[in-house]
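Me: I'd like to learn how to read a two-chain model like this one. Could you put it up and walk me through it?

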Amino acid sequence: MTILAWKDTLKKVKELIDKAPTGYVLDYEVQPEKSMKEALITVTGKTFVAKAKISKVTPYEGEKNVLKKKKDKLKTLVMIEKIEEIQDDIVNYEEVSGGSIDKILSFAVLAKKEEAKIEQREPMESKLSSDVKSVLRQLEKDGESLPVKIAERLAEAKKQYKIDGKDFDKLLKATIEKYRETGVDPYEAVGIVGAQSIGEPGTQMTMRTFHFAGVAEMDVTLGLPRLIEIVDARKTPSTPSMTIFMSEKARGDEDRAVALARSIESTTLLDVADIEVNTTESYVLIMLDKQKMIERGLKREEILPKLKKIRMQKTTITEEENEIKLSLDEPSFKKIYQLYENLKTFQVKGLDGIKRAIVKFDQKAKEWIIYTQGSNLAGVLELKDVDFARTKTNDIIEISQVLGVEAAREAIIEESTSTLHNAGLNTDIRHLMLVADMMTFSGVVEAIGRHGISGKKASVLARAAFEITSKHLLNAGLIGEVDRLNGVAENIIVGQPITLGTGAVKLSYRREE
Amino acid sequence: MHEMVPEHWLVSVKEEEKILKSLGVTKGQLPKIRKSDPVVKALEKVEGEISPGRIIEIVRKSRTRGIAKIYRTVIGE
């Protein structure tokens with residue numbers, strides 16, 4: 001079902017609600033469609049305020065006894081049967097003719113967006129084998145717990161060496177004991193150890209921005225700059241890129257991969273045409289370059305309907321062989337330049353942000369993979385032929401917005417390990433997991449450093465010791481902050497034992513008389 | 001589901017106390033997850049409105065433990 005939507009004033013909407021059923025004349029040309037039974041009216045362009053049941057959409061021929069949107073230039077008559085006030089977000093709809101709904105929507109034909117299907121996954125725990133489950137159950141009975149990985153190995157050993165009954169109980173007990181020994185001691189400074197463990201191999205990394213051509217002609221930041229970028233939680237990485245995997249059906253097909261890569265590459269009008277401005281006669285001439293169009297896999301017929309969507313100025317479009325002429329109805333020097341500027345960056349094809357896409361065959365996995373320069377995760381995941389589950393980007397902030405904090409945490413670990421690994425360094429993953437945990441603790445990805453975690457410490461003295469001392473102390477004085485001296489830095493300042501290791505234990509020895 | 005997104009389960013109010021006790025923490029000390037987080041939004045379609053203060057159990061595929069369960073408190077925004 002398609003829905004007619006337009007922008008109106010609140011006054012008119014109220015009038016319509018009062019007088020419905022009635023005819024209403026719009027100042028747009030609407031192609032009548034049989035399935036058009038509903039209309040939505042927006043005032044702000046962000047939410048719809050009214051929903052109407054409509055019965056007829058016809059060109060306006062001067063009928064009387066109808067309400068009018070404007071006084072003149074009326075074009076279409078819509079019969080409104082019923083109208084009521086609603087609250088519906090504009091984001092739930094998509095434009096039928098393709099593209100996105102203009103923010104300053106004048107009128108559009110819409111369809112309700114299909115709601116994403118939610119599938120519940122089978123819990124990971126239920127997928128474990130019965131042997132492992134029985135080990136875990138036995139542990140639970142004793143009020144103990146071990147990681148699943150160790151339980152798996154225990155179950156395996158039980159089977160392989162046929163350990164039963166009491167012997168297995170003994171084994172369990174010994175395992176638990178050993179497991180406890182390997183844990184981090186209470187009050188151990190895991191953060192400091194982590195920082196050193198990442199920092200030391202970091203000194204061996206290349207300092208300068210090192211662009212590594214992993215895929216032919218692709219620029220990807222690696223090495224220390226990339227590591228810094230990850231922990232700084234930059235809004236956009238310096239070289240955003242995506243790895244797009246194809247769906248099961250399409251992954252062996254080169255043509256489909258190439259077609260997909262071409263369709264996402266964002267192409268502006270300037271990429272395929274020369275644009276000329278004529279200020280005296282107030283028109284813009286677009287000269288399409290055939291050669292470039294073929295390279296980009298673009299047809300002339302595709303460009304024209306998109307051009308018609310520029311609704312900001314009243315223009316007449318005339319077309320010839322390879323030329324498109326847009327002339328203003330009312331000549332204006334300012335407006336013609338505005339139009340020219342708009343056309344220069346006008347996107348005729350592809351997804352926002354994706355500059356280039358390259359198709360490559362993976363010998364190991366025997367499948368076609370698309371690598372891109374620039375990233376648009378939300379856009380790509382919606383496309384057909386794309387494997388939703390595996391497609392990824394190196395833009396961590398984007399991941400947190402599209403897939404949530406937990407996925408962002410996973411991405412931080414993944415990206416930092418692979419960066420270190422690429423430089424031939426091996427850092428225990430636990431340190432990187434700690435970094436990722438801290439960065440995503442608050443529910444959003446935060447940087448490590450002054451603007452992130454370190455700047456939000458509870459203690460005034462610790463913050464003052466870090467950076468901008470006077471500002472912190474002054475503010476604390478103004479609002480009367482209290483420092484409980486729980487951390488490390490503040491205890492060093494006042495000359496007390498720090499709250500780490502043995503210093504954290506409040507134990508004293510009193511010799512008996 | 002995307003392979004980078006682990007399992008998210010809403011913890012029933014009854015079980016909340018048991019979990020907090022076993023971890024020895026308060027709700028405020030747990031890591032947070034925003035109500036506007038895409039996964040929470042999806043979970044809301046299954047479980048209905050999730051108000052801030054509820055606890056979400058996250059079952060991750062862990063590189064060190066095999067399976068790891070962690071908890072996050074839902075916060076507003």
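Reply: Sure, sheets first. Two strands pair if DSSP finds at least two bridges between them. Helices (H or I, at least four residues) and strands (E, at least two) are DSSP runs, numbered from the N terminus. Before we go on, the ground rules: this is a predicted model, where local features need pLDDT of at least 70, side-chain atom pairs count only at pLDDT 80 or more, and totals for chains, interfaces and linings use all residues. Residues are numbered from 1 along each chain as its sequence is written, chains are lettered from A and ligands numbered from 1 in the order in which they are written, and side-chain values use heavy atoms, with hydrogens and water left out.

Me: In what order do the strands of the open sheet in chain B run?

Reply: The order is β1-β3-β4-β2, four strands with mixed pairing. β1 and β2 of chain B are the edge strands with a single partner each, so one side of each has no neighbour in the sheet. Direction ignored, neighbouring strands are turned by 40 degrees against each other on average. For one pairing in detail, take β1(B) and β3(B): they are antiparallel over four bridges, and L10(B) sits opposite I56(B) of β3(B).

Me: Which helices lie across the strands of chain B?

Reply: One is α2(B), which lies across β1, β2 and β3 of chain B at about 50 degrees to β1(B). Another belongs to the partner chain: α14 of chain A, residues 405-422, lies across β1, β2, β3 and β4 of chain B, at about 30 degrees to β3(B). Those angles run from 0 to 180 degrees between N-to-C directions, with axes as lines fitted to C-alpha atoms, for helices over the stretch in contact.

Me: How many residues does each chain bring to the contact?

Reply: Contact means heavy atoms within 4.5 Å. Chain B gives 35 residues and chain A gives 42 residues. The size of an interface is often given as the accessible area lost when the parts come together. Here that buried area (1.4 Å probe, summed over both parts) is about 3,400 Å², with 57% of it on carbon and sulfur atoms. H2(B), M4(B) and R63(B) supply 23% of the area that chain B buries against chain A, more than any other three residues.

Me: What about charges and polar contacts across the interface?

Reply: A salt bridge is a side-chain nitrogen of Lys or Arg within 4 Å of a carboxyl oxygen of Asp or Glu. Chain B and chain A share five salt bridges, including R60(B) with D437(A), whose closest N and O atoms are 3.8 Å apart. A polar contact is a pair of N or O atoms within 3.5 Å; within protein, one must be able to donate a hydrogen and the other to accept it, and residues adjacent in sequence count only if both atoms are side-chain atoms. There are 14 residue pairs in polar contact between the chains, both residues at pLDDT 80 or more. On the chain B side, β4(B) has the largest share, six residues.

Me: Which sheet can I look at in chain A?

Reply: Try the open, antiparallel one with the order β18-β19-β11-β20. Its edges are β18 (356-362) and β20 of chain A, each with a single partner strand, so one side of each is left free of a neighbour in the sheet. β11(A), residues 241-245, pairs with β20(A) over two bridges, M242(A) being the bridge partner of T393(A). Helix α7(A) packs on this sheet, touching β11, β18 and β19 of chain A, and its direction makes about 15 degrees with that of β19(A).

Me: Which residue does R256(A) meet in a salt bridge?

Reply: D385(A), at 3.0 Å from N to O. R256(A) is in α7(A) and D385(A) is in the loop between α12 and β20 of chain A, 129 residues apart, so to speak a link between distant parts of the chain. Over all chains, the search finds 24 salt bridges.

Me: Where is there a hairpin to look at?

Reply: Look at β13 (residues 273-278) and β14 (residues 283-288) of chain A, antiparallel over six bridges. E276(A) stands opposite L285(A). Four residues lie between the strands of this hairpin, and S282(A) takes a positive phi near 60 degrees.

Definitions and conventions:
Buried area is the accessible area (1.4 Å probe) that two parts lose on being put together, summed over both.
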